[in-house]
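Grab the model and work through these exercises with me. Try each task yourself before reading its solution.

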Amino acid sequence: MDIRTDILLQRLNQKILILDGAMGTMIQRYKLEEKDFRTPALASHPKALKGNNDLLSLSRPDVIREIHETYLEAGADILETNTFSSTSIAQDDYDLSHLAYELNVASATLAKEATDKYNKITPDQPRFVAGAIGPTNRTASLSPDVNDPGYRAVNFDQLAEAYSEQVRGLLDGGVDIILVETIFDTLNAKAALYAIQEVYEEKGIPLDPKEGGIPIMISGTITDASGRTLSGQTTEAFLISLSHVPLISIGLNCALGAKELRPYLKVLSEKAPFYISAYPNAGLPNEFGLYDQTAQEMADQVEEFLKDGLINILGGCCGTTPEHISVIASVSKKYKPRQLDFNTVEE
């Protein structure tokens, strides 16, 4: 058994683990300029790079390190790497596909250094790094061209190849968990899982965390009040589609606030043979696209999950800050984590 995995499994049975909050929201506070996104090697890169937040792990590692440490100070047990768009596919928008592997190694290393630092400060509260794998900016199930519904901007093999490169980088950077998140197209997620399985086999890593493997977390996105993902799946269908892999957790993040997410988390909690995660947005965006739900308002809504015993891993997505995570961490201490029932999906 991998020692870090063993400790994580023990902690999941002891308490509700706290995931960090939004990276992008925190980066905005720094009011960075174009020059902040350029390394010396990219000084004359022809495309604008401002907004490519993953690149900051190379150009401004001090900013990313400070954000990680601020979330750890707020009480986070799990840090996400700054790699939401660190695939060759997503980086192609900036003509930086060649940096994908390097971005993942650098971001994983930064997060790992932060957790190592805090593990020494608070040895009774072990911290973990989750390698964040976003959905990419292309979908394998839907056409981007309304005049050609059969067209696809990417195929399964291309996704799997890009995800494999990302997974290798994250593992080489030392992550404790692989997190496939913000899934709006299950076929993309299946490509990610296929890639993870290939890389694990290549590196001799067991797939099942109970056998010492690097745990895999899955987090989907319900895009509207219909309760479906963008590619049309219900929450239960989403669960069934991805249950062929021995996940450590499945859950939901983004798109909705805590209040709106609750009924779909209830479905997962009732059906899933895995731990359940949730990291909602800080409410719904206002007319300016900003999130103005306060930390206490969000915590009050999240507490309903906790009272119902739905959750094992809890954090924040868009609009959330260390202030949100601190209050959520405090509230969660009053509650026990959801208990697993491994007979659910089979029934």
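**Exercise 1. Work out which helices and strands supply at least two residues each to the lining of the largest pocket.**

Start with the ground rules: this is a predicted model, where local features need pLDDT of at least 70 and side-chain atom pairs count only at pLDDT 80 or more, while totals for chains, interfaces and linings use all residues. Residues are numbered from 1 along each chain as its sequence is written, and side-chain values use heavy atoms, with hydrogens and water left out.

Step 1: pick the elements. Helices (H or I, at least four residues) and strands (E, at least two) are DSSP runs, numbered from the N terminus. The ones you want are α2 (23–28), α5 (88–91), β4 (177–183) and β6 (249–257). With five residues, α2 gives the most.

Step 2: get the volume. The largest pocket holds about 780 Å³ of space. On a 1 Å grid over the protein atoms alone, a pocket is an open set of points where a 1.4 Å probe fits, with protein on both sides within 12 Å along at least five of seven lines; lining residues have an atom within 4 Å of a point. The volume is the space filled by probe spheres set on the points, which are joined across faces, edges and corners.

Step 3: look at the lining. It has 36 residues, and Ala22, Met23, Gly24, Thr25 and Cys318 are the closest to the centre. By class, 13 are nonpolar, 18 polar and five charged. Here Ala, Val, Leu, Ile, Met, Phe, Trp, Tyr, Cys and Pro count as nonpolar, Asp, Glu, Lys and Arg as charged, and the others, Gly among them, as polar.

**Exercise 2. Place β4 in its sheet.**

Step 1: write down the strand order. The open sheet has eight strands, β1-β8-β7-β6-β5-β4-β3-β2, with parallel pairing. β1 (17–18) and β2 (78–80) stand at the edges with a single partner strand each, so one side of each has no neighbour in the sheet.

Step 2: check the partners of β4. Strands pair if DSSP finds at least two bridges between them. Four bridges join β4 to β3 (residues 128–133), running parallel, and Gly131 sits opposite Ile178. Another four join β4 to β5 (residues 216–220), also parallel; there Val180 has Ile218 as its bridge partner, and Ile183 faces Gly220.

Step 3: trace the crossovers. β3, α7 (residues 156–172) and β4 form a right-handed β-α-β unit, and β4, α8 (residues 186–203) and β5 form a right-handed unit too. Right-handed means that, with the strands pointing away from the viewer, the path from the first strand over the helix to the second runs clockwise.

Step 4: ask about burial. Seven of the seven β4 residues are buried (under 20% relative accessible area; exposed is over 50%, partly exposed in between; 1.4 Å probe, protein chains only). That's why β4 is largely enclosed by the rest of the structure.

**Exercise 3. How many disulfides are there?**

Step 1: apply the cut-off, a pair of cysteine sulfur atoms within 2.5 Å. The count is zero.

Step 2: check the candidates. For Cys254, the nearest cysteine sulfur, that of Cys318, is 3.8 Å away. The sulfur of Cys317 is 4.0 Å from its closest cysteine sulfur, in Cys254, too far for a bond.

Step 3: add accessibility. Cys254 is buried at 15%, and Cys317 is buried at 12%.
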